[in-house]
Every structure is written in structure tokens, then in C-alpha cells.
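Here is a short note for a colleague opening this entry. Please read the points with the structure in view.

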Amino acid sequence: MAKKKKRDPKKDLLQVERGAKREEQKAQGALDGRFRPKVVPNKKRGAQRKRSKAMDPDEEG
């Protein structure tokens, strides 16, 4: 028979703290669009280079 795992009180405490912090952020308006989440760059796309000078489409060169 498989034994039940005991619950880790530290994890429970962290979860309660995280929930309280989130409620506080909601009260301050963190979810109304003022704060942006961290964007993780897509590694499948290479970094895009910027041109050193603007290219004019009418200009041949």
C-alpha cells in the first residue's frame, strides 16, 4: 500500500503569504493594466538588428 505524503507546512505558509500579497496587489490596482509581466524572449527567433540609417524607398542605392 502506498503511504500518503505529509503536507509540508512551509509550502502551505508560502502559499498563504503569496495569496495575501496578490490580494494586496489587486487592491492597489495591479491588474488594471498598469503593470506589465516580464516578457521572456522567444529563443526560436533570432535577435533583430536595427539599421544604422533610415532607408528612403524613393532613393536608389
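1. Helix 1 has 20 residues, which at 1.5 Å a residue should span 28 Å. Its end C-alpha atoms lie 29 Å apart, so the two values agree. The expected span is 1.5 Å times one less than the number of residues. Helices (H or I, at least four residues) and strands (E, at least two) are DSSP runs, numbered from the N terminus.

2. This is a predicted model: local features need pLDDT of at least 70, side-chain atom pairs count only at pLDDT 80 or more, and totals for chains, interfaces and linings use all residues. Residues are numbered from 1 along each chain as its sequence is written, and side-chain values use heavy atoms, leaving out hydrogens and water.

3. The protein chain has two helices and zero strands. Of its 61 residues, 3% are buried. Buried means under 20% relative accessible area, exposed over 50%, and partly exposed in between (1.4 Å probe, protein chains only). Helix 1 is hardly covered, with zero buried residues among its 20.

4. The chain exposes about 7,600 Å². Carbon and sulfur atoms supply 52% of that area. Areas come from the Shrake-Rupley method with a 1.4 Å probe; for residues, only the protein chains shown count as cover.

5. How many salt bridges are there? The count is two. The rule asks for a side-chain nitrogen of Lys or Arg within 4 Å of a carboxyl oxygen of Asp or Glu.

6. One salt bridge joins aspartate 12 to arginine 7, with the closest N and O atoms 2.7 Å apart. Aspartate 12 is partly exposed at 27%. Arginine 7 is exposed at 65%.

7. Lysine 26 and glutamate 23 form a salt bridge too, at 3.8 Å from N to O. They sit three residues apart in helix 1 (residues 9-28), so about one helical turn separates them. Lysine 26 is partly exposed at 41%, as is glutamate 23 at 49%.

8. Glycine 29 comes just after helix 1 and takes a positive phi of about 90 degrees.
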